[in-house]
Every structure is written in structure tokens, then in C-alpha cells.
Amino acid sequence: MRRWSRFAGVVTISIAGMAALAGCGPAPWEEGAGGSTPTPTSTAVPTPVPNDLSGGATQRALTAGAVAATIDYWSTLSMDQWTPDAVKPVSISLITTVTPDDGQKVYLQRATMTAVPHSPTGVLDALAPQVDAATVSPGYLVLDPYSYSQTFNVGLVPAEATYVTLQFSYDFLVQTTPTSSEYAKQTATDTLTVALTD
């Protein structure tokens with residue numbers, strides 16, 4: 001009987017101790033500064049800007065009626081130097097084929113580039129279009145194996161701009177027959193997105 005009394009006393013003390021601990025509140029390491037639990041916060045991560053020239057160059061295949069154009073774009077200015085206040089060159093090299101190929105020729109009458117800057121809040125004013133109009137009639141011969149090359153420059157854009165879209169337009173003249181002096185006009189368009197750096 002004396003053993004049972006001792007055991008009961010131990011159980012009573014243990015239960016009382018657990019009750020005392022339970023009333024002490026959260027453990028110190030669970031409390032924030034001043035005894036309050038911190039509220040999780042989220043930070044907005046800016047969306048990365050796509051860059052068609054991130055690898056230094058890109059190639060596009062365009063179709064305008066019977067004309068298929070292959071165009072290479074590149075810049076001699078490294079992408080880390082494409083800042084809003086820099087002169088940013090964009091070079092192109094263009095060559096075409098025609099289907100069906102009955103011997104008629106393809107000429108480039110005009111190439112145009114328009115740069116449109118963008119900021120995080122929207123589209124900014126476009127820069128003045130740059131135009132290379134053929135100085136020979138009916139245009140520059142661009143039928144394979146003859147190609148056309150040109151460099152356009154993207155000038156100063158607002159400091160808040162984070163990227164530019166480069167809108168290209170190519171006007172082709174295609175002979176209606178190999179010996180004809182009549183031409184059909186075909187226009188191809190393309191757009192590149194290039195990121196700007198601070």
C-alpha cells in the first residue's frame with residue numbers, strides 16, 4: 001500500500017508540471033520581435049523581357065505571296081551596351097527565292113525599320129521610321145544568289161524604356177514573267193524585341 005501511494009504521488013506531480021508548462025505560451029524561438037509572430041510578405045519579381053538578339057543574332061523566314069525571304073539580323077553592339085542613350089546598330093542580310101521559279105526576278109524596292117520603345121507602364125512614342133529606298137529601278141535584285149545588306153540605327157530612347165520593338169517592312173517587286181517589264185508588289189513584315197539595359 002505504501003508503494004502505490006508513492007507512485008500516485010509521482011503521477012500527480014508529473015501532471016501538475018505538464019499543466020504548468022502548457023500555460024507558459026509559445027516557445028521563445030517561435031516568437032518574433034516584441035513577442036509577436038511575423039507576417040510573411042511577398043515581393044513582386046519583374047517579368048523578364050524577351051530578347052530576340054540575346055544570342056547575338058537571329059534568323060527569320062518570311063513569306064509574301066510567291067516570295068520567300070530569309071533574313072539574318074544581328075548587332076555589332078553587345079547586348080550589355082544596349083542602353084537607352086546609346087546608338088544601337090541593327091544589321092540585316094536578306095535573300096529571296098520565288099515559287100514557281102520560272103526565271104522571273106525579285107527586287108527589293110524599299111526596306112523600313114521603326115523602333116518603338118516600351119516602359120513598364122506601357123508603349124512610348126515611336127522613333128522616326130528609317131527608310132532605305134532603292135536608288136535604281138525597279139529595285140535591288142535580291143533573288144538568290146544575290147542578297148541585300150543594310151544597317152539601321154536605334155537612337156536615343158527615354159530613360160525609362162526597358163525594351164524596344166523593331167518593326168521591319170520589306171516591299172518586293174516580282175516580274176510577272178521573265179521578260180516582262182510589269183511587276184507585282186509583295187510586302188513582308190517582321191518584328192524583333194530587344195531588351196535594354198541600365
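**Salt bridges, a core and a buried glutamine**

Visitor: What is the relative accessible area of Asp 52?

Guide: Asp 52 is partly exposed, a class lying between buried (under 20% relative accessible area) and exposed (over 50%), with a 1.4 Å probe and protein chains only. The model is predicted: local features need pLDDT of at least 70 and side-chain atom pairs pLDDT 80 or more, while totals for chains, interfaces and linings use all residues. Residues are numbered from 1 along each chain as its sequence is written, and side-chain values use heavy atoms, without hydrogens or water. For Asp 52, the value is 27%.

Visitor: Which residue meets Asp 52 in a salt bridge?

Guide: A salt bridge puts a side-chain nitrogen of Lys or Arg within 4 Å of a carboxyl oxygen of Asp or Glu. By this rule there are three. For Asp 52 the N to O distance is 3.3 Å, and the partner is Arg 60.

Visitor: How far apart in sequence are the parts that Asp 190 and Arg 60 tie together?

Guide: Asp 190 also bridges to Arg 60, at 2.7 Å between the closest N and O atoms. Asp 190 sits in strand S10 and Arg 60 in strand S1 (strands are DSSP runs of E, at least two residues, numbered from the N terminus). The pair therefore ties together parts separated by 130 residues.

Visitor: Is Asp 171 buried or exposed?

Guide: Asp 171 forms a salt bridge with Arg 110 at 3.4 Å, N to O. Asp 171 is in S9 and Arg 110 in S4, so the pair joins parts 61 residues apart in sequence. Arg 110 is partly exposed, at 31%. Asp 171, at 9% relative accessibility, is buried.

Visitor: Which strand gives the most to the largest nonpolar core?

Guide: A nonpolar core joins buried Ala, Val, Leu, Ile, Met, Phe, Trp, Tyr and Cys residues through side-chain atoms within 4.5 Å. The largest has 37 residues, and Leu 166, Phe 168, Tyr 170 and Phe 172 have the most contacts inside it. Elements giving two or more residues include S1 (57-64), S4 (106-119) and S10 (183-195). With six residues, the top contributor is S9.

Visitor: Which backbone nitrogen does the side chain of Gln 104 reach?

Guide: Gln 104 lies in the loop between S3 and S4, yet it is buried, at 7% relative accessible area. A polar atom of its side chain lies 3.2 Å from the backbone oxygen of Pro 100. At 2.8 Å, the side chain of Gln 104 reaches the backbone nitrogen of Asp 102.

Methods: Helix = DSSP H or I, 4+ residues; strand = E, 2+ residues; numbered from the N terminus. Polar contact = N/O pair within 3.5 Å; in protein donor to acceptor, adjacent residues only side chain to side chain.
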